[in-house]
There are 2 protein chains.
Amino acid sequence: MRYSRDNMAGLLRSHDINPTHQRIEIAYALFSRMEHLSADQVMALVNVHHSETSKATVYNTLSLFLQKGLIREVIVDPNKVFYDPNTRPHHHLYDVESGHLTDVDAEDIHISGLPPLPEGAALEGIDLIVRIRKAG
Amino acid sequence: MRYSRDNMAGLLRSHDINPTHQRIEIAYALFSRMEHLSADQVMALVNVHHSETSKATVYNTLSLFLQKGLIREVIVDPNKVFYDPNTRPHHHLYDVESGHLTDVDAEDIHISGLPPLPEGAALEGIDLIVRIRKAG
DNA sequence: CTAGAGTTTGGACTTTGTCTAATTCGAGAT
DNA sequence: ATCTCGAATTAGACAAAGTCCAAACTCTAG
Ligand SMILES: [Mn+2]
Ligand SMILES: [Mn+2]
Ligand SMILES: [Zn+2]
Ligand SMILES: [Zn+2]
């Protein structure tokens with residue numbers, strides 16, 4: 001499925017998000033590239049031509065998308081969060097040198113031997129991160 | 001193995017770290033508790049009675065311990081890094097509500113189906129994080 | 001047009017962490 | 001015991017990522 005700016009309003013509505021100009025631009029930055037982006041990168045992409053959004057709106061909007069299940073958060077770098085337009089179950093390959101993140105489909109991976117969850121705990125998710133370093 | 005303050009100098013020397021008062025106190029904060037602590041928590045613990053170390057020294061020392069393989073870094077929270085005195089291969093159970101981290105021995109866990117590493121890449125490590133939420 | 005809810009905004013603020021120049025420490029030499 | 005000098009520590013300025021808020025703007029229904 002290919003995303004264009006025209007898709008965005010529908011995509012947002014389907015997640016119960018009122019599509020505004022800023023929200024469409026922010027969604028388009030993520031979904032047209034299908035890449036893992038930091039808040040800073042999203043803002044830079046949306047504002048390349050002329051200023052179209054503010055820092056506060058970028059953070060507000062990414063939090064809203066997250067809460068509505070439109071995107072995911074990836075925590076691999078101590079300095080910044082990455083936002084992930086891919087919400088299918090998947091894991092990550094992280095190049096600690098370049099900061100580049102690659103998806104690894106969860107269907108290909110099997111994890112066994114996990115301990116039983118503590119009494120009354122609900123599973124939020126399982127994050128598997130393969131950290132690599134490109135030998136240079 | 002139980003750790004006392006007297007062990008610390010030897011532990012540091014065995015990792016090629018010159019044992020100073022501050023380094024001993026910082027190591028003791030981690031190894032006497034065997035808990036995952038943030039830099040702030042380490043500093044608070046060392047300075048409970050009277051001021052014994054500075055922020056700069058805490059960060060310098062934790063980086064040194066890390067580099068010398070005495071401790072590990074755990075990246076699960078977007079806000080802060082946790083330092084882990086347990087360097088045996090293990091994974092983590094993370095309670096996203098309370099921020100509490102629990103170790104899961106790597107020997108009990110089997111992961112299969114990982115993709116081959118990209119050409120010329122070296123494995124840095126595999127981090128598995130089970131995120132839970134205590135229903136309440 | 002007007003009202004009100006929802007959205008966006010600049011900028012002050014916070015937190016976590018880095019950096020540096022100056023000072024202090026301490027083990028070995030005298 | 002004192003001196004010396006590299007190693008370690010420090011205060012505090014700085015930076016990056018993120019939060020918060022009150023004011024302003026926008027959009028739609030009446
Ligand atoms: Mn535009
Ligand atoms: Mn003391
Ligand atoms: Zn991803
Ligand atoms: Zn651990």
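**Chains A and B and the two DNA strands: a working chat**

Q: How many residues does each chain put into the contact between A and B?
A: In this predicted model, the contact draws 35 residues from chain A and 35 residues from chain B.

Q: And how much area do the two chains bury between them?
A: Chain A and chain B bury about 3,000 Å² between them, and 63% of that area is on carbon and sulfur atoms. On the chain A side, the residues that lose the most area to chain B are Ile75(A), Glu124(A) and Arg131(A), which together make up 19% of what that side buries.

Q: Arg131(A) sounds like a charged contact; what does its side chain meet in chain B?
A: The side chain of Arg131(A) forms a salt bridge with that of Asp127(B), at 2.9 Å from N to O. Across the interface of chain A and chain B there are four salt bridges by the rule applied, and the count of residue pairs in polar contact between the two chains, both residues at pLDDT 80 or more, is 14.

Q: Which elements of chain A give two or more residues to that side?
A: Those elements are strand S6 (110–112) and strand S7 (121–134) of chain A. S7(A) provides the largest share of the side that touches chain B, with 14 residues.

Q: What's the class breakdown on that side?
A: The side of chain A that touches chain B has 22 nonpolar, five polar and eight charged residues.

Q: Back to S7(A): is its pairing with S7 of chain B parallel or antiparallel?
A: S7(A) and strand S7 of chain B, residues 121–134, pair in the antiparallel sense over 13 bridges. To pick out one position, Val130(A) has Ile126(B) in S7(B) as its bridge partner.

Q: Switching to the DNA, which residues are closest to strand C?
A: DNA strand C is surrounded by 18 residues, and the closest are Thr20(A), Arg23(A), Thr57(A), Lys55(B) and Tyr59(B). By class, the surface near DNA strand C has four nonpolar, eight polar and six charged residues.

Q: Which part of strand C do they touch, backbone or bases?
A: Of the strand C atoms within 4 Å of the protein, 72% belong to sugar or phosphate, while the rest belong to bases. Among the individual pairs, a side-chain N or O atom of Thr57(A) is 2.9 Å from a phosphate oxygen of DNA strand C, a polar side-chain atom of Thr53(A) lies 3.2 Å from a phosphate oxygen, and a polar backbone atom of Ser54(A) is 3.1 Å from a phosphate oxygen.

Q: Which helices supply at least two residues there?
A: They are helix H2 (21–33) and helix H4 (55–67) of chain A, together with helix H4 (55–67) of chain B. H4(A) gives the largest share of the surface near DNA strand C, namely four residues.

Q: Okay, what about strand D, which residues are closest?
A: For DNA strand D, 18 residues surround it, the closest being Lys55(A), Tyr59(A), Asn79(A), Thr20(B) and Thr57(B). Sugar and phosphate account for 72% of the strand D atoms that come within 4 Å of the protein.

Q: What does the side chain of Lys55(A) reach on strand D?
A: A side-chain N or O atom of Lys55(A) is 2.8 Å from a base oxygen of DNA strand D, whereas a side-chain N or O atom of Thr57(B) is 2.8 Å from a phosphate oxygen. The elements giving two or more residues to the surface near DNA strand D are H4 of chain A together with helix H2 (21–33) and H4 of chain B.

Q: Which one gives the most?
A: H4(B) gives the most to the surface near DNA strand D, with four residues.

Terms used. Residues are numbered from 1 along each chain as its sequence is written. Chains are lettered from A and ligands numbered from 1 in the order in which they are written. This is a predicted model: local features need pLDDT of at least 70, side-chain atom pairs count only at pLDDT 80 or more; totals for chains, interfaces and linings use all residues. Side-chain values use heavy atoms; hydrogens and water are left out. Contact means heavy atoms within 4.5 Å. Buried area is the accessible area (1.4 Å probe) that two parts lose on being put together, summed over both. A polar contact is a pair of N or O atoms within 3.5 Å; within protein, one must be able to donate a hydrogen and the other to accept it, and residues adjacent in sequence count only if both atoms are side-chain atoms. Ala, Val, Leu, Ile, Met, Phe, Trp, Tyr, Cys and Pro count as nonpolar, Asp, Glu, Lys and Arg as charged, and the others, Gly among them, as polar. Two strands pair if DSSP finds at least two bridges between them. A residue is near a molecule or strand if one of its heavy atoms lies within 4 Å of it.
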